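This short report looks at two spots in one structure. Have the sequence and the 3D view ready as you read.

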Amino acid sequence: MKKVKTILATLLLLAGVTPVITSCSDDNKEPESPAAQSVAGSYTDMMTCTVAGSESEFENLTFTLTPTDDYTVTVVTPSFGNPPMKMPQITVSGVKVTGTDGTYTLAPTEFNGTTDSGKAYSGTLRGSFENNTLKIDFQLNYGAMPMPLICSFESKKL
């Protein structure tokens, strides 16, 4: 009987000092930010624009995306070009953002307005965000221009 008590005592002692092993799982990911917050930021790079088959490049332009709620951003396009055809900075509100896990879409959004100098403008903006890179395409009808300006921009998040 003494032997059984000694064996039980030894087993209990070993059980008490046996390390507990835990594992980490990928299921415990950090919660993802809302879509709009994930794409928000400033992006600076070159933009290419085409009008009537003629292409121009504009360097060092910054687009800014600011969340207005979890799934909507305001996009501010930069001013670019030279007078008399200098394009104004344009604010496009209500751009819906969808997606998850680092891949997002900026829904096509129509915009219009009038500059301080009284020139009317209108157009459509759309985009995507993947691998920390923003791509924006927009079409701009400006003033009395008979054809639209079609622009493409791509930049890594700053």
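## The disulfide

In this predicted model, the torsion about the S-S bond of Cys49 and Cys151 is about 110°. The disulfide is therefore right-handed. The sulfur atoms of Cys49 and Cys151 lie 2.3 Å apart. The structure holds one disulfide.

The pair links distant parts of the chain. Cys49 sits in strand 1, residues 41-51. Cys151 belongs to strand 8. The two cysteines are 102 residues apart.

## Burial of the two cysteines

Are these cysteines buried or exposed? Cys49 has a relative accessible area of 2%. Buried means under 20%, so Cys49 is buried. Cys151 has a relative accessibility of 1%, so Cys151 also counts as buried.

## Ser155 in strand 8

Strand 8 covers residues 149-156, and Ser155 is found there. The relative accessible area of Ser155 is 3%. The cut-off for buried is under 20%, so Ser155 is buried.

Which backbone oxygen does the side chain of Ser155 reach? The backbone oxygen belongs to Thr44, and the distance is 3.1 Å.

## What surrounds Ser155

Set aside the neighbours of Ser155 within four places in sequence. Ser155 is then in contact with Tyr43, Thr44 and Asp45. Asn132, Thr133 and Leu134 are also in contact with Ser155. Thr44 thus appears twice: Ser155 is in contact with Thr44, and the Ser155 side chain reaches the Thr44 backbone oxygen.

Key
Residues are numbered from 1 along each chain as its sequence is written. This is a predicted model: local features need pLDDT of at least 70, side-chain atom pairs count only at pLDDT 80 or more; totals for chains, interfaces and linings use all residues. Side-chain values use heavy atoms; hydrogens and water are left out. Helices (H or I, at least four residues) and strands (E, at least two) are DSSP runs, numbered from the N terminus. Buried means under 20% relative accessible area, exposed over 50%, partly exposed in between (1.4 Å probe, protein chains only). A polar contact is a pair of N or O atoms within 3.5 Å; within protein, one must be able to donate a hydrogen and the other to accept it, and residues adjacent in sequence count only if both atoms are side-chain atoms. Contact means heavy atoms within 4.5 Å. A disulfide is a pair of cysteine sulfur atoms within 2.5 Å.
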